[in-house]
Amino acid sequence: MSSLIVEDLAFEVRRSTNRHTLGITVGRMGELVVSAPPEAPEAQLRDFVMRKRLWVYKQLAKKEALQQVVPRKVFTDGEGFTYLGRSYRLRLIDAPEGPVKLTGGRFVMPKSLAPQGDAHMIRWYSERARCWLDHKVKAYADRMEVGPSGLTVQDLGYRWGSCGKGNRLYFHWKTILLPARIAEYVVVHELAHLHEPHHTPEFWQRVERAMPDFARRKTWLAEHGMSVEGLVQGNAESC
(Lines give C-alpha, C1' and ligand atoms only; values in the text may rest on other atoms or scores of the structure.)
Protein backbone atom coordinates (compact mmCIF):
# COMPACT_ATOMS: atom_id res chain seq x y z
CA MET A 1 0.00 0.00 0.00
CA SER A 2 1.55 3.31 -1.10
CA SER A 3 -1.51 5.48 -0.52
CA LEU A 4 -4.25 5.81 2.08
CA ILE A 5 -7.56 7.67 1.81
CA VAL A 6 -9.40 8.55 5.02
CA GLU A 7 -12.61 10.53 4.52
CA ASP A 8 -11.54 13.55 2.41
CA LEU A 9 -7.81 13.20 3.17
CA ALA A 10 -5.40 11.40 0.81
CA PHE A 11 -2.02 10.31 2.19
CA GLU A 12 1.13 8.86 0.69
CA VAL A 13 2.38 6.00 2.88
CA ARG A 14 6.13 5.80 3.42
CA ARG A 15 7.43 2.74 5.25
CA SER A 16 10.94 2.41 6.66
CA THR A 17 12.75 -0.21 8.70
CA ASN A 18 14.24 2.65 10.70
CA ARG A 19 10.78 3.81 11.72
CA HIS A 20 9.26 2.48 14.96
CA THR A 21 6.34 4.89 15.40
CA LEU A 22 3.67 6.45 13.18
CA GLY A 23 3.91 10.05 12.04
CA ILE A 24 2.15 12.49 9.73
CA THR A 25 3.78 15.22 7.66
CA VAL A 26 1.91 18.05 5.95
CA GLY A 27 4.05 19.17 3.03
CA ARG A 28 4.69 22.49 1.34
CA MET A 29 1.70 22.40 -0.95
CA GLY A 30 -0.57 20.50 1.42
CA GLU A 31 0.59 17.02 0.42
CA LEU A 32 0.04 14.50 3.21
CA VAL A 33 2.44 11.71 4.19
CA VAL A 34 2.07 8.93 6.76
CA SER A 35 5.40 7.48 7.90
CA ALA A 36 5.21 3.98 9.35
CA PRO A 37 7.20 0.84 10.21
CA PRO A 38 7.03 -1.88 7.53
CA GLU A 39 4.76 -4.15 9.60
CA ALA A 40 2.12 -1.55 10.57
CA PRO A 41 -1.27 -2.76 9.24
CA GLU A 42 -3.63 -0.51 7.31
CA ALA A 43 -6.15 -0.56 10.14
CA GLN A 44 -3.57 0.91 12.51
CA LEU A 45 -2.73 3.65 10.01
CA ARG A 46 -6.41 4.50 9.55
CA ASP A 47 -6.98 4.69 13.29
CA PHE A 48 -3.93 6.94 13.71
CA VAL A 49 -5.07 9.27 10.94
CA MET A 50 -8.58 9.49 12.37
CA ARG A 51 -7.18 10.53 15.75
CA LYS A 52 -4.93 13.14 14.12
CA ARG A 53 -7.31 14.44 11.47
CA LEU A 54 -8.25 17.64 13.34
CA TRP A 55 -4.54 18.47 13.62
CA VAL A 56 -4.16 17.82 9.89
CA TYR A 57 -7.08 20.11 9.02
CA LYS A 58 -5.57 22.83 11.20
CA GLN A 59 -2.18 22.57 9.46
CA LEU A 60 -3.80 22.61 6.01
CA ALA A 61 -5.76 25.74 6.90
CA LYS A 62 -2.63 27.43 8.24
CA LYS A 63 -0.68 26.69 5.07
CA GLU A 64 -3.46 27.91 2.83
CA ALA A 65 -3.61 31.20 4.74
CA LEU A 66 0.15 31.68 4.67
CA GLN A 67 0.42 30.88 0.98
CA GLN A 68 -2.11 33.61 0.29
CA VAL A 69 -0.10 36.30 2.09
CA VAL A 70 3.43 35.37 0.96
CA PRO A 71 3.82 36.58 -2.63
CA ARG A 72 6.44 35.17 -4.94
CA LYS A 73 9.51 37.37 -5.27
CA VAL A 74 9.98 39.52 -8.36
CA PHE A 75 13.37 40.72 -9.49
CA THR A 76 12.91 44.47 -9.70
CA ASP A 77 14.58 47.36 -7.91
CA GLY A 78 13.45 47.60 -4.31
CA GLU A 79 12.21 44.04 -3.86
CA GLY A 80 13.10 42.71 -0.41
CA PHE A 81 15.05 39.50 0.16
CA THR A 82 15.66 37.95 3.57
CA TYR A 83 19.04 36.90 4.94
CA LEU A 84 19.35 35.62 8.53
CA GLY A 85 16.04 37.18 9.45
CA ARG A 86 16.69 40.65 8.02
CA SER A 87 15.29 42.06 4.79
CA TYR A 88 17.59 43.66 2.23
CA ARG A 89 16.45 45.55 -0.86
CA LEU A 90 17.49 44.46 -4.32
CA ARG A 91 19.35 46.81 -6.63
CA LEU A 92 19.68 45.94 -10.31
CA ILE A 93 22.74 47.40 -11.99
CA ASP A 94 24.03 47.84 -15.52
CA ALA A 95 27.13 45.69 -15.36
CA PRO A 96 28.74 42.74 -17.06
CA GLU A 97 27.32 39.42 -15.93
CA GLY A 98 28.62 38.53 -12.47
CA PRO A 99 27.55 37.00 -9.16
CA VAL A 100 24.93 38.35 -6.80
CA LYS A 101 26.45 40.35 -3.94
CA LEU A 102 25.29 41.74 -0.60
CA THR A 103 27.02 45.07 -0.24
CA GLY A 104 26.19 48.43 1.27
CA GLY A 105 23.07 46.98 2.89
CA ARG A 106 21.61 45.87 -0.45
CA PHE A 107 21.56 42.84 -2.67
CA VAL A 108 23.16 43.82 -5.96
CA MET A 109 22.42 41.89 -9.14
CA PRO A 110 23.31 42.61 -12.79
CA LYS A 111 20.14 43.25 -14.78
CA SER A 112 21.08 40.48 -17.17
CA LEU A 113 20.57 37.93 -14.35
CA ALA A 114 17.07 39.08 -13.43
CA PRO A 115 15.19 36.75 -15.83
CA GLN A 116 16.75 33.79 -13.95
CA GLY A 117 16.87 35.62 -10.64
CA ASP A 118 15.56 32.69 -8.57
CA ALA A 119 18.45 30.45 -9.57
CA HIS A 120 21.08 33.12 -8.89
CA MET A 121 19.66 34.03 -5.49
CA ILE A 122 19.40 30.38 -4.49
CA ARG A 123 23.06 29.91 -5.46
CA TRP A 124 24.03 32.88 -3.30
CA TYR A 125 21.96 31.64 -0.36
CA SER A 126 23.37 28.12 -0.67
CA GLU A 127 26.97 29.35 -0.58
CA ARG A 128 26.35 31.52 2.48
CA ALA A 129 24.37 28.76 4.20
CA ARG A 130 27.17 26.25 3.71
CA CYS A 131 29.70 28.49 5.47
CA TRP A 132 27.39 29.70 8.26
CA LEU A 133 25.96 26.27 9.03
CA ASP A 134 29.38 24.63 9.04
CA HIS A 135 30.50 27.13 11.69
CA LYS A 136 27.42 26.48 13.84
CA VAL A 137 27.66 22.69 13.48
CA LYS A 138 31.26 22.77 14.70
CA ALA A 139 30.30 25.06 17.59
CA TYR A 140 27.57 22.72 18.86
CA ALA A 141 29.00 19.31 17.94
CA ASP A 142 31.53 19.14 20.77
CA ARG A 143 29.11 20.14 23.51
CA MET A 144 26.55 17.65 22.19
CA GLU A 145 29.21 14.93 21.91
CA VAL A 146 28.54 14.07 18.29
CA GLY A 147 30.79 13.80 15.27
CA PRO A 148 29.01 14.62 12.02
CA SER A 149 31.00 13.58 8.97
CA GLY A 150 30.08 16.72 7.02
CA LEU A 151 27.15 18.71 5.74
CA THR A 152 25.35 19.32 2.49
CA VAL A 153 23.15 22.29 1.62
CA GLN A 154 20.42 21.63 -0.92
CA ASP A 155 16.68 21.83 -1.53
CA LEU A 156 15.14 19.37 0.94
CA GLY A 157 11.56 19.93 -0.14
CA TYR A 158 9.39 20.20 2.94
CA ARG A 159 12.18 19.65 5.51
CA TRP A 160 14.57 22.13 7.12
CA GLY A 161 17.18 19.47 7.79
CA SER A 162 17.86 15.75 7.95
CA CYS A 163 20.51 13.20 8.87
CA GLY A 164 21.86 10.82 6.27
CA LYS A 165 24.00 7.71 6.23
CA GLY A 166 27.44 8.01 7.76
CA ASN A 167 26.37 10.82 10.11
CA ARG A 168 26.15 13.37 7.32
CA LEU A 169 23.88 16.35 7.92
CA TYR A 170 21.66 17.91 5.26
CA PHE A 171 20.16 21.38 5.50
CA HIS A 172 17.71 23.20 3.28
CA TRP A 173 19.34 26.27 1.73
CA LYS A 174 16.43 28.32 3.07
CA THR A 175 17.70 27.79 6.61
CA ILE A 176 19.90 30.86 5.99
CA LEU A 177 16.76 32.98 5.55
CA LEU A 178 15.67 32.30 9.13
CA PRO A 179 16.67 34.53 12.04
CA ALA A 180 20.03 33.31 13.34
CA ARG A 181 18.64 31.99 16.64
CA ILE A 182 16.03 29.94 14.75
CA ALA A 183 18.58 28.58 12.28
CA GLU A 184 20.69 27.54 15.27
CA TYR A 185 17.72 25.53 16.55
CA VAL A 186 17.59 23.68 13.22
CA VAL A 187 21.30 22.85 13.66
CA VAL A 188 20.85 21.58 17.23
CA HIS A 189 17.76 19.58 16.21
CA GLU A 190 19.67 17.72 13.50
CA LEU A 191 22.75 17.17 15.69
CA ALA A 192 20.52 15.58 18.33
CA HIS A 193 19.32 13.13 15.67
CA LEU A 194 22.87 11.74 15.52
CA HIS A 195 22.14 10.34 18.99
CA GLU A 196 18.41 9.68 18.66
CA PRO A 197 16.92 9.09 15.17
CA HIS A 198 13.33 9.66 16.36
CA HIS A 199 11.59 12.35 18.39
CA THR A 200 11.68 10.39 21.64
CA PRO A 201 11.73 12.01 25.10
CA GLU A 202 15.48 11.35 25.15
CA PHE A 203 15.83 13.26 21.88
CA TRP A 204 14.12 16.37 23.28
CA GLN A 205 16.18 16.13 26.46
CA ARG A 206 19.35 16.29 24.37
CA VAL A 207 18.03 19.30 22.48
CA GLU A 208 17.14 21.05 25.73
CA ARG A 209 20.54 20.42 27.27
CA ALA A 210 22.21 22.09 24.30
CA MET A 211 19.59 24.84 23.94
CA PRO A 212 17.48 25.42 27.07
CA ASP A 213 15.05 27.77 25.29
CA PHE A 214 14.57 25.46 22.32
CA ALA A 215 10.78 25.28 22.83
CA ARG A 216 10.33 28.97 22.02
CA ARG A 217 12.49 28.66 18.92
CA LYS A 218 10.65 25.51 17.85
CA THR A 219 7.31 27.29 18.25
CA TRP A 220 8.52 30.30 16.25
CA LEU A 221 9.62 28.03 13.41
CA ALA A 222 6.28 26.21 13.35
CA GLU A 223 4.30 29.46 13.36
CA HIS A 224 6.45 31.69 11.16
CA GLY A 225 8.67 29.41 9.07
CA MET A 226 6.64 29.91 5.92
CA SER A 227 6.80 33.70 6.22
CA VAL A 228 10.47 33.65 5.21
CA GLU A 229 9.56 32.22 1.82
CA GLY A 230 9.11 33.87 -1.52
CA LEU A 231 11.40 32.22 -4.04
CA VAL A 232 9.56 28.89 -3.70
CA GLN A 233 6.92 27.46 -1.38
CA GLY A 234 6.94 26.95 2.41
CA ASN A 235 7.93 24.30 4.94
CA ALA A 236 6.11 21.37 6.52
CA GLU A 237 4.61 20.41 9.85
CA SER A 238 5.03 16.94 11.35
CA CYS A 239 3.40 15.10 14.23
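## The sheet

Two strands pair when DSSP finds at least two bridges between them. In this predicted model, four strands form an open sheet in the order β5-β6-β8-β7, with mixed pairing. The edges are β5 (80–83) and β7 (101–103); each has a single partner strand, so one side of each is left without a neighbour in the sheet. From one strand to the next, the twist averages 40°.

The mixed character can be followed through β8. Strand β6 (residues 86–93) pairs with β8 (residues 106–110) in the parallel sense, over five bridges. Within this pairing, L92 has M109 in β8 as its bridge partner, and I93 stands opposite P110 in β8. On the β7 side, β7 and β8 run antiparallel and are joined by three bridges. There T103 has R106 in β8 as its bridge partner. Strand β8 is mostly covered, with four of its five residues buried.

## Turns and backbone angles

The antiparallel strands β7 and β8 form a hairpin with two residues between them. G104, in the turn, has a positive phi of about 60°. Most residues other than glycine have a negative phi.

Against that background, which residue in the loop between β5 and β6 has a positive phi without being a glycine? It is L84, located in the loop between β5 and β6, with phi near 50°. E145 is another non-glycine residue with a positive phi, of about 55°. E145 belongs to the loop between α2 and β9 (150–154). With a relative accessibility of 66%, E145 counts as exposed, because the cut-off for that class is over 50%.

## Nonpolar cores

The largest nonpolar core contains 47 residues, and F107, Y125 and L191 are those with the most contacts inside it. Helix α2 (residues 117–144) gives the most to this core, contributing ten residues. Apart from this core lies another, of 16 residues, including L22, L45, V49 and V56.

What surrounds L191, once its neighbours within four places in sequence are left aside? Its contacts are V137, Y140, A141, M144, V146, P148 and L169.

## A buried glutamate

E196 sits in the loop between α3 (180–192) and α4 (201–210). E196 is buried but has no salt bridge. Why does R206, the nearest side chain of opposite charge, not supply one? R206 is 4.2 Å away, and a salt bridge requires a side-chain nitrogen within 4 Å of a carboxyl oxygen, so the pair does not qualify. R206 is nevertheless in contact with E196, as are E202 and F203, when neighbours of E196 within four places in sequence are left aside.

## Salt bridges

The model has eleven salt bridges. Two of them are taken here with the accessibility of their members. E12 and R14 meet through their side chains at 3.2 Å, N to O. E12 is partly exposed, with a relative accessible area of 38%, and R14 is partly exposed at 33%. E42 and R46 form a salt bridge of 2.8 Å, N to O. Both lie in helix α1 (residues 42–69), four residues apart, which is about one turn of the helix. E42 is partly exposed, with a relative accessible area of 37%, and R46 also counts as partly exposed, at 33%.

A further salt bridge joins the side chains of D94 and K111, at 3.4 Å, N to O. This pair links distant parts of the chain, 17 residues apart: D94 is in the loop between β6 and β7, and K111 is in the loop between β8 and α2. D94 counts as exposed, at 68% relative accessibility, whereas K111 counts as partly exposed, at 41%. Salt bridges also link R181, D213, R216 and R217 in a network.

Technical notes. Residues are numbered from 1 along each chain as its sequence is written. This is a predicted model: local features need pLDDT of at least 70, side-chain atom pairs count only at pLDDT 80 or more; totals for chains, interfaces and linings use all residues. Side-chain values use heavy atoms; hydrogens and water are left out. Axes are lines fitted to C-alpha atoms, for helices over the stretch in contact, and angles run from 0 to 180 degrees between N-to-C directions. Buried means under 20% relative accessible area, exposed over 50%, partly exposed in between (1.4 Å probe, protein chains only). Lys and Arg count as positive and Asp and Glu as negative; His and the chain ends are not counted. Contact means heavy atoms within 4.5 Å. A nonpolar core is a set of buried Ala, Val, Leu, Ile, Met, Phe, Trp, Tyr and Cys residues joined through side-chain atoms within 4.5 Å.
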